[in-house]
Amino acid sequence: MENILTFVREARAELKKVTWPGKKQVWYSTLVVIAFTLFVSAYLGLVDLLLTGVLSRLFS
């Protein structure tokens with residue numbers, strides 16, 4: 001039980017040292033992730049569409 005309490009105390013002390021991002025930074029990071037996800041999904045969709053067309057003509 002002592003080990004668990006020591007771990008919790010040390011974890012709390014470490015979390016107090018963390019520099020947490022502000023709301024603005026979190027908002028911009030979220031927008032970057034969403035934009036990147038949309039870009040990659042569009043790219044993969046286009047590649048899938050092209051490969052489907054090419055392979056369906058080859059094997060039909």
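Let me begin with charge: the protein chain carries 7 positive and 4 negative side chains, and if you take the centre of each set, the two centres lie 12 Å apart. Please keep in mind throughout that what we are looking at is a predicted model.

Now, from those charged side chains, let us turn to how they pair. A search of the whole structure finds one salt bridge, and the partners are E14 and K17, whose closest N and O atoms are 3.3 Å apart. Both residues sit in helix 1, which covers residues 2-17, and they are three residues apart, or about one turn of the helix. As for their surroundings, E14 is partly exposed, with a relative accessible area of 45%, while K17, at 61% relative accessibility, counts as exposed.

Another residue in helix 1 is E10, and with 49% relative accessibility E10 is classed as partly exposed, since exposed would require over 50%. If you follow the chain from E10 to P21, you move eleven residues along the sequence, and the C-alpha atoms of the two residues are 22 Å apart in space.

Let me step back to the chain as a whole. How many helices and strands does the protein chain have? There are two helices and zero strands. The radius of gyration of the chain is 24 Å, well over the 10 Å that the globule rule gives for 60 residues, and therefore the chain is more spread out than a compact globule. Along its principal axes, the C-alpha trace spans about 70 × 35 × 10 Å.

What about burial? Of the 60 residues in the protein chain, buried residues make up 0%, where buried would mean a relative accessible area under 20%. The accessible surface of the chain comes to about 6100 Å², and 71% of that surface belongs to carbon and sulfur atoms.

Finally, there is an annotation to place on the model. According to UniProt, in an unreviewed entry, residues 26-51 carry the feature "transmembrane region". In the predicted model, that span is 100% helix and 0% strand, and the C-alpha atoms at its two ends lie 37 Å apart.

Definitions and conventions:
Residues numbered from 1 in each chain as written. Predicted model: local features only at pLDDT ≥ 70, side-chain atom pairs only at ≥ 80, totals over all residues. Heavy atoms only, no water. UniProt positions renumbered as here; feature names shortened; annotations may be inferred. Helix = DSSP H or I, 4+ residues; strand = E, 2+ residues; numbered from the N terminus. Rg over C-alpha atoms; globule rule 2.2 N^0.38 Å. Buried < 20%, exposed > 50% of the residue type's maximum accessible area, 1.4 Å probe, protein only. Areas by Shrake-Rupley, 256 points an atom, 1.4 Å probe, with all protein chains shown as cover. Lys, Arg positive; Asp, Glu negative; His and termini not counted. Charge placed at Lys NZ, Arg CZ, Asp CG, Glu CD. Salt bridge = Lys/Arg side-chain N within 4 Å of Asp/Glu carboxyl O.
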